[in-house]
Amino acid sequence: MKSLVLLFVVAFAVGAYAQCSCDTMKWATCDGTPCECFLMVGNDERQVLNCTTLIPKCFLMKAEMYRARKGLSTRSIGGKPTETAFVDNDGIYDPECESNGVFKAKQCNNTEECWCVNSAGVRRTDKGDKDLKCEELVETHWLRLELKHKETTDAVDPDKLKAAIATAIEARYQLDKKFVDSIQYDKDARLIVVDVKKSVGDRKADLSRMAYYMEKDIKVLPLFKDTTKFEPNVGGQKLDLENILVYYVDEKAPTFTMKRLTGGVIAVIVVVVLAVIAGLVVLFLARRRERAKYEKTQVRELDEIQQALS
């Protein structure tokens, strides 16, 4: 009888453990009754998760920064749809999050330097000091995903591509396929351009989660426990994606200025300007020499004429 009870307890514990897991976050720790899953962030703080959906990008970035500080395994790793679209050139940082996982509009990364971000946590202003004002968290309503796939055995059918991409996004990232607005395909470059949009004013759908999870999948760093990659099935043929670039379009245009230019770009501009100036100087001196030569020739010819007349 005791053995039977013990067996029942063990089976119950194993069953409870199997159910107490977080399929949408491989770094999560899950325990307790009822089951609670969390990530370690900040100064050894627990960030409780809702594992029935994708984890907010802000929590994911905090977890990556925490793991990087602790020496744990992690790695941070078309064209613009509109003139106001921009990419994330800053990479990962340790963000400030609201209790529901939404980014705070102002980020400082624990430094004296601050900037404003959009709802995807991507910088949309120049950097300033701690007096910088970020009046609101501007929503990202449009993502352009530039995806490049590896060589395929058979030609990819462009007519089946949109349905395949939309279905794969919905299945893996829990984002309704209706948000996949359009897809363009360049077979020679093996380039797929996917526009994912929601209505301006929509605060329910979070496009940033899908994009962040997809970036990790394509860069062979899945955040799911399921380590299979994002491989849309087009006509029975899986596309093995090798690269991704994400453009962000916000409800309000970003406010970058020339300060956004990197040192390398500024250096190139300076070199070009100096080259132009040097070219103008050389041209001026050359013309001056030609003029002086011409004037000397005229004087010599006048002297010869005068000598002949005399």
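Helix H3 takes in residues 158-173 of this predicted model, and its 16 residues cover 22 Å between the first C-alpha and the last, close to the 22 Å expected at 1.5 Å a residue. At the start of H3, Asp-157 points a side-chain oxygen to within 3.0 Å of the backbone nitrogen of Asp-159. Past the other end comes Gln-174, with a positive phi near 60°.

Which residues of H3 are buried? They are Leu-161, Ala-164, Ile-165, Ala-166, Ala-168, Ile-169, Arg-172 and Tyr-173. Their cover includes strands E7, E8 and E9, along with helix H4.

Now for H2, residues 57-69. Its 13 residues should span 18 Å at 1.5 Å a residue, and the end C-alpha atoms are indeed 18 Å apart. H2 is mostly covered, with 11 of its 13 residues buried; among them are Cys-58, Phe-59, Lys-62 and Arg-67. Strands E2, E3 and E11 are part of what covers them, and so is H4. Just after H2, Gly-71 has a positive phi of about 75°.

Here are the two helices side by side.

| Helix | Residues | End-to-end C-alpha span | Positive phi after it |
|---|---|---|---|
| H3 | 16 residues | 22 Å | Gln-174, near 60° |
| H2 | 13 residues | 18 Å | Gly-71, about 75° |

How do H2 and H4 meet? They pack at an angle of about 40°, with axes 9 Å apart, which makes H2 oblique to H4. On the H2 side, the contact uses Lys-57, Leu-60, Met-61 and Glu-64, while H4 brings Ser-208, Arg-209, Tyr-212, Tyr-213 and Lys-216. By type, that contact has four nonpolar residues, one polar and four charged.

Definitions and conventions
Residues are numbered from 1 along each chain as its sequence is written. This is a predicted model: local features need pLDDT of at least 70, side-chain atom pairs count only at pLDDT 80 or more; totals for chains, interfaces and linings use all residues. Side-chain values use heavy atoms; hydrogens and water are left out. Helices (H or I, at least four residues) and strands (E, at least two) are DSSP runs, numbered from the N terminus. The expected span of a helix is 1.5 Å times one less than its number of residues. Buried means under 20% relative accessible area, exposed over 50%, partly exposed in between (1.4 Å probe, protein chains only). Contact means heavy atoms within 4.5 Å. A polar contact is a pair of N or O atoms within 3.5 Å; within protein, one must be able to donate a hydrogen and the other to accept it, and residues adjacent in sequence count only if both atoms are side-chain atoms. Axes are lines fitted to C-alpha atoms, for helices over the stretch in contact, and angles run from 0 to 180 degrees between N-to-C directions. Angles under 35 degrees count as roughly parallel, over 145 as roughly antiparallel, 65 to 115 as roughly perpendicular and the rest as oblique. Ala, Val, Leu, Ile, Met, Phe, Trp, Tyr, Cys and Pro count as nonpolar, Asp, Glu, Lys and Arg as charged, and the others, Gly among them, as polar.
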